[in-house]
Amino acid sequence: MSTPPSDLRPLALGEIIDRAATFWRKHLKTLFLLSLGFNLVSYILTKTLQLSAQRNLVALQAAAQGGDMAGFGGEYARFLLMLTGTLLVTFWVYSLNTLAVSRYVVPTQLGEPVRPADGIQRALKRVGAFTGAYLLSLLWMVGAILLMMLPGVVLSGVGGAIVFSTEGPISGVRVLGWILLFGGLLLAGLGIVGGLLWYLLRFSLLAPVMAMEELPSVGSFRRSGALLSGRVAPGFIGRVSVRAMILVTVVSLILIAVSVLCGMPAMILQLIHSNPLDPVAAAANPVPQSLLVPAELLQVLGQAVFNPLGLVVYSMLYLDMRVRREGLDLERRLEAQ
């Protein structure tokens, strides 16, 4: 039984998580079916990358041993390109899954009749507009990462200039250059992490907005940002970005824990069959696919069971923001009278 419309009200962070967990338990089968297809697509993409990476590692070793630096660089660039493309498409599939789940969760919470197939139909209907908004969000992510990396890049550039312009024995100036160089590289790395975290936070409501509102790509892009701006209560926790950050962190921890737990059979097979510290040898003598694929499919099933819990949290956050900012609870009560 879903939450009745009269129960709509602003929720504390703990209540959002508790309500999401309760909904996940009550609708476990439906959420599993909504997520299974998306998880299978992600598995096919990552499996293709895994098999390609094995061939790449063997080719990289052969090129390095033969002194073919052009071939080495080509194989390495090909691998990086495939890795980047797979990550971007996989996250697109995950976000599309969030859209489908949101289309089922939010109407159910509002007491409206909804079928699981409605979520899939909505995802297919909005796939074009969603892809446009997703690509736009990636441009913002790149800009944010470059901006956050800038201090570290400048610092490492100054340090590198000092190191390469200073000759002779080790001196205080040269040591300072090395400190600035490595400190700048560390700061740039933190900038990359910060940019990725900002991206996950800034666009955490993009899929629910696409699921529930008839807005184009740019409109959905702006709408998701507007819902996550400003504050909804006094104090530090009252800032929407802080509330969203806490919930996104919870979701991320859930997904990481589920991925590790469900991936244990495949990891054990790889540890038994080869030395994980020697990836080239492991690529040359991989685990038989007849053993590895069933273990990986078990991981896919586990993720399809537990991942929707995190997706429901995003839907609950979207609903809570509309209640707090737009009085959705009052609007629904007036309509019910």
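**View 1. The fold of the protein, with 13 helices and zero strands**. Helices here are DSSP runs of H or I with at least four residues, strands are runs of E with at least two, and both are numbered from the N terminus. From that terminus on, the elements run α-α-α-α-α-α-α-α-α-α-α-α-α, and the C-alpha trace spans about 85 × 55 × 35 Å along its principal axes. The model is a predicted one, in which local features need pLDDT of at least 70, side-chain atom pairs count only at pLDDT 80 or more, and totals for chains, interfaces and linings use all residues. Residues are numbered from 1 along each chain as its sequence is written, and side-chain values use heavy atoms, with hydrogens and water left out.

**View 2. Spans annotated as "transmembrane region" in UniProt**. The unreviewed UniProt entry places this feature at residues 28-46, 76-94, 132-155, 175-201, 244-268 and 300-319; such annotations may be inferred rather than shown by experiment. Residues 244-268 are 96% helix and 0% strand, with their end C-alpha atoms 36 Å apart, while residues 300-319 are 100% helix and 0% strand, with their end C-alpha atoms 29 Å apart.

**View 3. Burial and contacts in the protein**. Of the 337 residues, 42% are buried (under 20% relative accessible area, 1.4 Å probe, protein chains only). Among contacts (heavy atoms within 4.5 Å) with a separation of 6 or more, 76% join residues 24 or more positions apart.

**View 4. The exposed surface of the protein**. The protein exposes about 17,300 Å², of which carbon and sulfur atoms supply 73%, the areas coming from the Shrake-Rupley method with a 1.4 Å probe.

Methods: Buried < 20%, exposed > 50% of the residue type's maximum accessible area, 1.4 Å probe, protein only.
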